[in-house]
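Colleague: I am new to this structure. Please take me through its aromatic pairs up close, and put them in the setting of the whole chain.

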Amino acid sequence: MDFRLSEEQEALRESVRDFAREVVAPAIAEHYEKHTFPYEIVRQMGKMGLFGLPFPEEHGGMGGDYFALCLALEELARVDSSVAITLEAAVSLGAMPIYRFGTDEQQARWLPKLLSGEALAGFGLTEPGTGSDAGGTQTRAVLDGDEWVINGSKAFITNSGTDITALVTVTAVTGTRPDGSKELSTIIVPSGTPGFTVAPAYSKVGWNASDTHELIFDDCRVPAANLLGERGRGFAQFLRILDEGRIAIAALAVGLAQGCVDESIKYAKERQAFGQPIGNYQAIQFKIADMEMKAHTARLAYYDAAARMLAGEPFKRQAAIAKLYASTIAVDNAREATQIHGGYGFMNEYPVARFWRDSKILEIGEGTSEVQRMIIARDLGM
Ligand SMILES: Cc1cc2nc3c(=O)[nH]c(=O)nc-3n(C[C@H](O)[C@H](O)[C@H](O)COP(=O)(O)OP(=O)(O)OC[C@H]3O[C@@H](n4cnc5c(N)ncnc54)[C@H](O)[C@@H]3O)c2cc1C
C-alpha cells in the first residue's frame, strides 16, 4: 500500500497549484463579489487540459483518470471553490454521463468541445420539490412521433446558464414500470431549444463565481435520438454518476480544508497580539494542528475511494465516507480559520471569509450528509 503520488501525478498537482496561485487567486475575489462567471480562468483551464483529464485521448481527453481530476480539484479548491466546482460539475456531471452512456453520435457531437472546456454541460436531477428523494422526480417526457416533449422544472443546476453552456442532461419520468414505479430516463437538451428557459441566477450564500439556475421546460421538444443510454436506465445512471461525483466533491472539500490551514499559518505568523505573533500561542497552534490532521485524514479517505473505483472494486461506501467526512471537516476548518483571523476573518477581502461561505454547501450538494449516512448504513446491511 503506497499513498504517495507518482511523478506524473505530482507534476499535475504542481502545475494546477501554480495556476491556482498565479491566475485564480488574483482574479477571483472580484468575480466573487460581483457574482460574475470567470470566463477567462475557465478558458485557461481548458487550454491546460483540465476538462479532459479523466477521458481517453480518442475523445479529445488527456488520457488520465478520475484520480487525476480529484488532484486538480483539490489544488483549485485550496485557493477557490467556485472555480473548482465549475470544473467538477463540468466533468463529473456534465461530460461524464455522455462519455459513460452516450451513443457514438452523441459522443462525437458533444465530447470534443466539452473536454476542451470550450463548452460546458449541466446535469439536471434536482427539482424544486425533490432533491434527496430523486425517485420523486415530476418532470415528464413523452414520446411524440420522433420527438420527446418535456415538461417540468429543475432546481439549482450548476453550469446551466453560462454563455458557453451547450446542453443539459435532464432526468425525466418517461413511463410506468410493470410494478407501478416510475420509469426514469435521461435526455439531452441543447441550450437554446424552444421551450427550455434558464431562469435568472440564484442569489447564493457561497460559490458566488459559479453558475447556478433553475431550468423550466414547457413543451420542450428534442429529437428521440437525444435519449442518453437506454430508456428506463435513468435511476441507475445517476446513481453511478453521483457515486463517482462524491469522490470529486470530497477532493474539493479537502482542498478547501487545506486552504484554511495555509491561510491560518500565514496569518498566525504575521498577526501580533500581546507582544508576539498569535502563532506563538499553543491555543492557535493546536487549532492549526487539528485542522491539518483533519485535512490529511480526509485526503486519505478520498484516495482510498478513488483507488477502489479505479481498480473496478465496489466503492459506494468509501465514496460516501470520504464525502461525508471531508465536507464535515471542511466546515470545521473554515470555522476555525475564520476564528484565527479574528475580525478580519469576517471581512470578504480575506480568503477565509470565502472559504467559510463556500464550505456549507459541501454538506448539502451531491447528496446531503444525512443521505451519505443512509448510504453507509445501507451498505452495512441495515
Ligand atoms: C449551489 C448548488 C448547486 C447544485 N448543483 C446541482 C446540479 O448541478 N445538479 C443537480 O441535479 N442538483 C444540484 N444541486 C442540488 C443538490 O444536490 C440538492 O440541493 C441536494 O441533493 C439536497 O436536496 P434538497 O435541496 O431538495 O434537500 P431535501 O432533499 O429536501 O432535504 C432537506 C433536508 O432533509 C434531509 N432529508 C431528506 N431525506 C431524508 C431522510 N430520508 N432521512 C433523513 N434526512 C433526510 C436532508 O438531508 C436535508 O437535510 C445543487 C445545489 C446547490 C445549492
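Modeller: Here is the setting, then the aromatic pairs, then two buried residues.

This is a predicted model, in which local features need pLDDT of at least 70, side-chain atom pairs count only at pLDDT 80 or more, and totals for chains, interfaces and linings use all residues. Residues are numbered from 1 along each chain as its sequence is written, and side-chain values use heavy atoms, with hydrogens and water left out.

The protein chain has 10 helices and 10 strands. These are DSSP runs, numbered from the N terminus: helices are H or I of at least four residues, strands are E of at least two. Buried residues make up 54% of the 382 residues. Buried means under 20% relative accessible area, exposed means over 50%, and partly exposed lies in between, with a 1.4 Å probe and protein chains only. Along its principal axes, the C-alpha trace spans about 80 × 45 × 40 Å.

Now the rings. The structure holds 12 aromatic pairs. Rings of Phe, Tyr and Trp (its six-membered ring) pair if their centres lie within 6.5 Å; planes under 30 degrees apart count as stacked, over 60 as edge-to-face, and the rest as tilted.

Take Phe-67 and Tyr-302. Their pair is tilted, at 6.3 Å centre to centre with 45° between the planes. Phe-67 lies in helix H3 and Tyr-302 in helix H7 (residues 282–310), so the pair ties together parts that are 235 residues apart in sequence. Both Phe-67 and Tyr-302 are buried.

Next come Phe-196 and Phe-217. Their ring centres are 5.0 Å apart and their planes are at 15°, so this pair is stacked. Phe-196 sits in strand E6 and Phe-217 in strand E7, so the pair ties together parts that are 21 residues apart in sequence. Both Phe-196 and Phe-217 are buried.

There is also a cluster. Phe-3, Phe-67, Tyr-302 and Tyr-303 form one aromatic cluster.

Tyr-302 has another neighbour to note. Glu-74 lies in helix H3 (residues 66–77). Glu-74 touches Tyr-302, and its other contacts include Arg-13 and Arg-299, leaving aside residues up to four places away in sequence. Contact means heavy atoms within 4.5 Å. Glu-74 counts as buried because its relative accessibility is 0%.

Strands E6 and E7 have a loop between them. Asn-208 is found in that loop, between E6 (196–198) and E7 (212–223). Asn-208 counts as buried because its relative accessibility is 3%. Among the residues that Asn-208 touches are His-31, His-35 and Arg-357, again not counting residues up to four places away in sequence.
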